[in-house]
Amino acid sequence: MALALTRNPDILFLDEPTVGLDVEGRLSLHEQIRQLKAIGKTIILASHDMTEVENLCDRIAILSSGKIAFIGSVEQLGEAVGKHYNITIQTEHKIQKYESENIGDSLLSLLMQYKEKGETIIDIQIDRGSLEQHFIKIANGV
């Protein structure tokens with residue numbers, strides 16, 4: 001990377017730059033990438049690490065069978081795979097996971113079911129799915 005930066009390029013191509021790095025090296029490289037981005041450099045990052053992609057990239061492209069299957073922001077990817085929510089409800093005795101396309105109706109229904117059973121809810125978590133889940137759906141044409 002040092003060699004690539006010696007000529008002060010406007011565009012920098014990085015292919016799996018953190019492979020083989022320890023945690024400290026990885027964090028240091030991520031910070032360097034953010035600094036380059038902040039001064040206006042365009043960085044093309046190829047990575048299989050979805051956490052890295054989500055934390056560093058403004059826009060993503062997903063390749064499937066050698067073709068671009070999606071290009072856009074992480075938020076646009078979530079919209080492209082449809083409204084899908086993961087609901088996790090923790091009670092004193094168990095943790096249950098649910099999937100829903102309509103968060104309002106599903107959550108209301110689930111809360112009523114737990115109330116009717118007399119189960120005390122300790123925690124509720126709702127998310128739209130991980131970048132990995134969205135990636136798999138797009139890559140597989142789902």
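This briefing walks through a pocket, a sheet and a ring contact in the structure above. Keep in mind that the model is predicted. Its largest pocket holds about 760 Å³ of space, and three of its strands make an open antiparallel sheet.

**The largest pocket**
- Start in the middle: Leu-45, Ala-46, Cys-57, Ile-60 and Ala-61 are the residues nearest the pocket's centre, out of 25 that line it.
- Sorted by character, the lining has 17 nonpolar residues, five charged ones and three polar ones.
- Three helices and two strands are worth finding here, each giving at least two residues to the lining: helix 2 (23–38), helix 3 (50–56) and helix 6 (131–139), plus strand 2 (42–46) and strand 3 (60–64).
- Strand 2 chips in the most, with five residues.

**The open sheet**
- Read across the sheet and the strand order is 6-5-7, with antiparallel pairing.
- Strand 6 (95–100) and strand 7 (121–127) are the edge strands; each has a single partner, so one side of each has no neighbour in the sheet.
- On average, neighbouring strands here are turned by 15° against each other, ignoring direction.
- Six bridges link strand 5 (residues 85–91) to strand 7 in the antiparallel sense.
- To spot that pairing, look for Ile-87, which stands opposite Ile-126 in strand 7.
- As background, strands in a sheet pair through backbone hydrogen bonds, and the pairing can be parallel or antiparallel.

**Rings and charges**
- The charged end of Lys-117 sits over the ring of Tyr-114, 5.7 Å from the ring's centre.
- As for aromatic pairs, with ring centres required to lie within 6.5 Å, the count is zero.

Conventions
Residues are numbered from 1 along each chain as its sequence is written. This is a predicted model: local features need pLDDT of at least 70, side-chain atom pairs count only at pLDDT 80 or more; totals for chains, interfaces and linings use all residues. Side-chain values use heavy atoms; hydrogens and water are left out. Rings of Phe, Tyr and Trp (its six-membered ring) pair if their centres lie within 6.5 Å; planes under 30 degrees apart count as stacked, over 60 as edge-to-face and the rest as tilted. A charge sits over a ring if NZ of Lys or CZ of Arg is within 6 Å of the ring centre and within 35 degrees of the ring normal. On a 1 Å grid over the protein atoms alone, a cavity is a set of points where a 1.4 Å probe fits but cannot get out, and a pocket is an open set with protein on both sides within 12 Å along at least five of seven lines; lining residues have an atom within 4 Å of a point. Grid points are joined across faces, edges and corners, and a volume is the space filled by probe spheres set on the points. Helices (H or I, at least four residues) and strands (E, at least two) are DSSP runs, numbered from the N terminus. Ala, Val, Leu, Ile, Met, Phe, Trp, Tyr, Cys and Pro count as nonpolar, Asp, Glu, Lys and Arg as charged, and the others, Gly among them, as polar. Two strands pair if DSSP finds at least two bridges between them. Axes are lines fitted to C-alpha atoms, for helices over the stretch in contact, and angles run from 0 to 180 degrees between N-to-C directions.
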